[in-house]
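This report examines a protein assembly through its chain interface, its charged pairs, its cysteines and its backbone geometry. Please read it alongside the sequence and the structure shown below.

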Amino acid sequence: MDSVILKNINKDGYYNPDAIDKLISYIYRTDKSPLLIYCYGCIEWPPTYNSLIKDFHSVRETAQMNVSDQQVMHFIISFGIPVQNITSRHFQFADDIAKLFRNEYQVCYSYHEDTRHPHFHYAVSTTSYLVGNPILNNDRMAQYESLIYSLANAYGFKLHTEGEEENV
Amino acid sequence: MNEKYTENVRVRLTVSQKKIVDTIAQRENISSSDVIRHGLFDGKSSSSYSIMIQNNLFKNEVINTIQSMDDISKNDKEKIIKKVNTIGQCNLKKYK
């Protein structure tokens, strides 16, 4: 059974006005060798690095209520396998995670293989694009994490949270 | 507009959709029927961004899937993605 680590990286908060810009640029490595865009929730088509940033901001700016000071959630899904063993099934799992969020929140993710283990970075907007929908706060994020656990089980993956097993 | 209302119509929503309807109904002090009716038929109460986002969700899924397929070549992927990116766009030059 493949092991998977879920690492939630939100200790720094992402409260700064350029948090969206910085996180999206970081996960796609736009300053080094830009990575493929995987996303749900783009307004402009086709999505680019800059249009994604703009789209995340647009939803925040036009939301009449339920806007969080924390602008984005950032988490990593890392597989306990060597990079060369990654398959489309792992990508499908990664996309299914994004699908959990897509009906309420904009989400984009990227695939990284710059460490010993292949991993995906996710950036999820805390402001819903649906009018009147609640913000993505830590409580709601915990609910999503439970869904990710269930999804991992369905795929036959053993999911750990950060700290139970180090491989990122 | 003084159009008559029909008899009540039953609508089944998901739990999260019901929550949204209830939140808006409570906030605006209106009935759930008003929220759903306005949401469907009053353009001013719809978010144009949410409609555009929802319209693009399927294309997002297609692109994400193609990019992650390991049994087709990079060239073929690029060709398919280029084509998918034009779906929904009217190419006026083509018809001139």
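The sections that follow take up these topics in turn.

The structure is a predicted model. All statements on geometry should be read with that in mind.

## Chain B and the interface

Chain B contains four helices and zero strands, and its elements follow the order α-α-α-α along the sequence. Of its 96 residues, 22% count as buried.

Chain A meets chain B through 31 residues of chain A and 25 residues of chain B. The area buried between the two chains is about 2500 Å², and carbon and sulfur atoms give 58% of that area. Eleven residue pairs are in polar contact between chain A and chain B, counting pairs with both residues at pLDDT 80 or more. On the side of chain A that touches chain B, the elements giving two or more residues are strand 2 (38-40), helix 2 (49-62), helix 3 (88-102) and strand 4 (105-112) of chain A. Helix 3 of chain A supplies the largest share of that side, with five residues. By class, the same side of chain A has 16 nonpolar, nine polar and six charged residues.

Two salt bridges are found across the interface of chain A and chain B. In one of them, the side chain of R102(A) meets that of E61(B), at 2.9 Å from N to O.

## Salt bridges

Side chains of opposite charge can pair when their charged atoms come close. Over all chains, the structure holds nine salt bridges. Four of these pairs are listed here, including the interface pair described above.

| Salt bridge | N to O distance |
|---|---|
| E61(B) and R102(A) | 2.9 Å |
| D18(A) and K22(A) | 3.5 Å |
| D96(A) and K99(A) | 3.3 Å |
| R140(A) and E104(A) | 2.8 Å |

The partners in the pair of D18(A) and K22(A) differ in their exposure class: D18(A) is partly exposed, at 30% relative accessibility, while K22(A) is exposed, at 54%.

D96(A) and K99(A) both belong to helix 3 of chain A and stand three residues apart, about one turn of the helix. D96(A) counts as buried at 17% relative accessibility, whereas K99(A) is partly exposed at 22%. This pair is also part of a wider arrangement: D96(A), K99(A), R102(A) and E61(B) are linked in a network of salt bridges.

The salt bridge of R140(A) and E104(A) joins two separate parts of chain A. R140(A) lies in helix 4 (residues 138-155), and E104(A) in the loop between helix 3 and strand 4, so the pair ties together parts that are 36 residues apart in sequence. Both R140(A) and E104(A) are buried.

## Cysteines

How many disulfides does a search of the whole structure find over all chains? The search finds zero. C39(A) is in no disulfide, and the nearest cysteine sulfur, that of C42(A), is 4.6 Å away. C39(A) is buried, at 2% relative accessibility. For C108(A), the closest cysteine sulfur is that of C39(A) at 6.7 Å, which is too far for a bond. The cut-off for a disulfide is 2.5 Å between the sulfur atoms. C108(A) is likewise buried, with a relative accessible area of 0%.

## A buried threonine

T127(A) is located in strand 5 (residues 119-128) of chain A. Its relative accessible area is 0%, so T127(A) counts as buried. Neighbours within four places in sequence aside, T127(A) is in contact with V59(A), R60(A), A63(A), N66(A), V67(A), S68(A) and Y105(A).

## Backbone geometry

Most residues other than glycine have a negative phi, and most peptide bonds are trans. Chain A departs from this pattern at the sites below.

The peptide bond between W45(A) and P46(A) is cis, with omega about -5°. P46(A) sits in the loop between strand 2 and helix 2 of chain A.

Y14(A), although not a glycine, has a positive phi of about 55°. Y14(A) is found in the loop between strand 1 (3-8) and helix 1 (19-27) of chain A, and it is buried, with a relative accessible area of 16%.

R29(A) is not a glycine either, and its phi is positive at about 50°. R29(A) lies in the loop between helix 1 and strand 2 of chain A. At 12% relative accessibility, R29(A) counts as buried.

Terms used
Residues numbered from 1 in each chain as written. Chains lettered and ligands numbered in written order. Predicted model: local features only at pLDDT ≥ 70, side-chain atom pairs only at ≥ 80, totals over all residues. Heavy atoms only, no water. Buried < 20%, exposed > 50% of the residue type's maximum accessible area, 1.4 Å probe, protein only. Contact = heavy atoms within 4.5 Å. Buried area = accessible area lost by both parts, 1.4 Å probe. Salt bridge = Lys/Arg side-chain N within 4 Å of Asp/Glu carboxyl O. Polar contact = N/O pair within 3.5 Å; in protein donor to acceptor, adjacent residues only side chain to side chain. Nonpolar A, V, L, I, M, F, W, Y, C, P; charged D, E, K, R; others polar.
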